[in-house]
Amino acid sequence: MTLVGSDEARTAPTLGDVLEIRGGHPLRGQVDVKGAKNLATKAMVASLLGETPSTLRDVPEIRDVEVVRSLLEVHGVSVSEGDEPGSLVLDPALAKSAGFEEIDAHAGSSRIPILFCGPLLHLLGQAFIPDLGGCRIGDRPIDFHLDALRNFGAIVDKQPNGIRLSAPEGLHGANIELPYPSVGATEQVLLTAVRAKGVTELRNAAIEPEIMDLIGVLQKMGAIISYEPNRVIFIEGVDELHGYDHRSLFDRNEAASWACAALATDGEIFVKGARQYEMLTFLNVFRKVGGSFDITDEGIWFRRATTPLKPVMVETDVHPGFMTDWQQPLIVALTQAGGVSIVHETVYENRLGFTAALNQMGADIVVHPKGLEGVYRRVERRELEQAAVITGPTPLTGADIVVPDLRGGYAYVIAALAAEGTSRVSNVGIIRRGYEKFFDKLTALGADFDVVG
Ligand code: EPU
């Protein structure tokens, strides 16, 4: 290892985008997982709704947090370090409309800005949202968001560079049924309904643990939210909310990623901060595939129990199903399973493209772009479904690969670490959008790599 400086020092755009990885060694050691990317960023947006400052704890040091922080700041929210490392104090006392240029500077950087709509409409009566970014894993439309906002009484005006919203009459409670239990659209409804006049009924809501944690944040702020069986959420709008003090839920996607890294490299990793309850579905699959784990109060140990690993059939799904963000590192491990595994991707329409590079490294993965007819499926087949058929075990060998998106990129690094020989992995900056102190953690686990560009 010839790394210089801390992980933070490597965030300069010219350095930290290309790794040379010498694989074939097990990853062993401990990594800490902090707050979930997919909760912390939403809780930061929620701070806009409070009359007093909020404190968020265990905020991960990742690019998505920086984007949301910066967007809050251009709207006049003061963001400062809190009373312990990793905590942020968010004070919306001087919140204001932001200029087009300041907002537009955030275009294409993340999908979170769409969640500013409701809070800004309550606060300022208007909002402008730049064109969104996020991983290129399908169309990722925002029609559910905009339809929900219209239901609350917002006027939505799509413009060439973004979306302008206004609510001259204020926002009122709404009766909304989502066409699909979308995580983002459910958050949109929650963040808008809590301050809307009257009651909102949301049917077919997403119920991911990150959403439950956001509901917890909003309840701490004074919101009245109840949920019922069958994905129904009721929100009674209130006139005023105050700040919160909240420790973010741990990042179960990151925890699952390191667990798969232990499987794929035949190593042993203790993921400090990981908890069983939010990972039940993942742990079942981990066990079936031939992994073993020990759960402690501080975290979870992950390791391989059998070699070769065992093939499985998995369908990604909304919670409590197997998360779409877990399939990419799992597929790397499945290249080392003895037999045929099938992974059905049912949430996004284009999230198996990353497998092409694994084939370049020696894997045998066939992607069926329209899914597999006639194969038993637990959940109803979706129009946009694809399937990956993975036949193993196949030895992996090093290759030159370019990271396509966050989770696919993490999978590439793991594949390179499991492979014999040297790999050159480019565009690694995307991975650090969602994985805190990524290089430091690889180093702590004994990975043999250099930052070469
Ligand atoms: N969808 C629509 N219209 C909409 C919204 C969603 O058709 O208005 C579709 C999407 O195209 C997709 C499906 O609904 O096919 C599910 O999308 P969802 O809205 O649930 O996803 P999201 O809120 O955009 C979040 C996470 C994703 C995670 C998904 C699913 C954040 C910032 N992102 O995305 O995380 O995969 O939920 O759990 O919370 C990641 O962390 O790498 C990541 C992509």
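**Exercise 1. A hairpin**

In what sense do strand β4 (residues 78-81) and strand β5 (residues 88-91) pair, and over how many bridges?

Solution. This is a predicted model, in which local features need pLDDT of at least 70 and side-chain atom pairs count only at pLDDT 80 or more, while totals for chains, interfaces and linings use all residues. Residues are numbered from 1 along each chain as its sequence is written, and side-chain values use heavy atoms, with hydrogens and water left out.

Step 1. Fix the terms. Strands (E, at least two residues) and helices (H or I, at least four residues) are DSSP runs, numbered from the N terminus. Two strands pair if DSSP finds at least two bridges between them.

Step 2. Apply them. β4 and β5 pair in the antiparallel sense, over four bridges. Ser80 stands opposite Val89 in β5.

Step 3. Look at the connection. Six residues lie between the strands of this hairpin, and Gly86 takes a positive phi near 85 degrees there.

**Exercise 2. Two open sheets**

Give the strand order, the edge strands and the average twist of the sheet that contains β8, then do likewise for the sheet that contains β1.

Solution. Strands of a sheet pair through backbone hydrogen bonds, either parallel or antiparallel.

Step 1. The sheet with β8 is open, has three strands in the order β6-β8-β7, and shows antiparallel pairing. Its edge strands are β6 (126-130) and β7 (155-159), each of which pairs on one side only. From one strand to the next the twist averages 15 degrees; for such angles, axes are lines fitted to C-alpha atoms (for helices over the stretch in contact), and angles run from 0 to 180 degrees between N-to-C directions.

Step 2. Check one pair in this sheet. β6 and strand β8 (residues 162-166) are antiparallel and share five bridges. Ile129 stands opposite Ile163 in β8.

Step 3. The sheet with β1 is also open, with four strands in the order β21-β22-β1-β23 and mixed pairing. At the edges are β21 and β23 (448-451), each pairing on one side only. Neighbouring strands are turned by 20 degrees against each other on average, direction ignored.

Step 4. Check one pair here too. β21 and strand β22 (residues 422-426) pair in the parallel sense over three bridges. The bridge partner of Ile401 in β22 is Val425.

**Exercise 3. Backbone exceptions**

Locate Pro320, Pro393 and Arg231, and state what is unusual about the backbone at each.

Solution. Most residues other than glycine have a negative phi, and most peptide bonds are trans.

Step 1. His319 and Pro320 are joined by a cis peptide bond with omega of about 10 degrees. Pro320 is in the loop between β17 (313-315) and α10 (327-334).

Step 2. Gly392 and Pro393 are joined by a cis peptide bond with omega of about 0 degrees. Pro393 lies in the loop between β20 (386-392) and β21 (400-402).

Step 3. Arg231 is not a glycine, yet has a positive phi of about 60 degrees. Its place is the loop between β11 (224-228) and β12 (232-236).

**Exercise 4. The ligand shell**

Why does the ligand lie between domain 1 and domain 2?

Solution.

Step 1. Collect the shell. There are 24 residues around the ligand (a heavy atom within 4 Å), the closest being Asp143, Ser182, Val183, Val347 and Arg407.

Step 2. Find the helices. α1 (37-46), α5 (143-151), α6 (183-193) and α12 (406-418) each supply at least two shell residues.

Step 3. Compare with the domains, whose bounds come from an automatic or database domain assignment. Domain 1 (18-33 + 250-451) and domain 2 (37-247) both give residues to the shell, so the ligand lies between them.

Step 4. Add one distance. A nitrogen atom of the ligand is 2.7 Å from an N or O atom in the side chain of Asp143.

Definitions and conventions:
A polar contact is a pair of N or O atoms within 3.5 Å; within protein, one must be able to donate a hydrogen and the other to accept it, and residues adjacent in sequence count only if both atoms are side-chain atoms.
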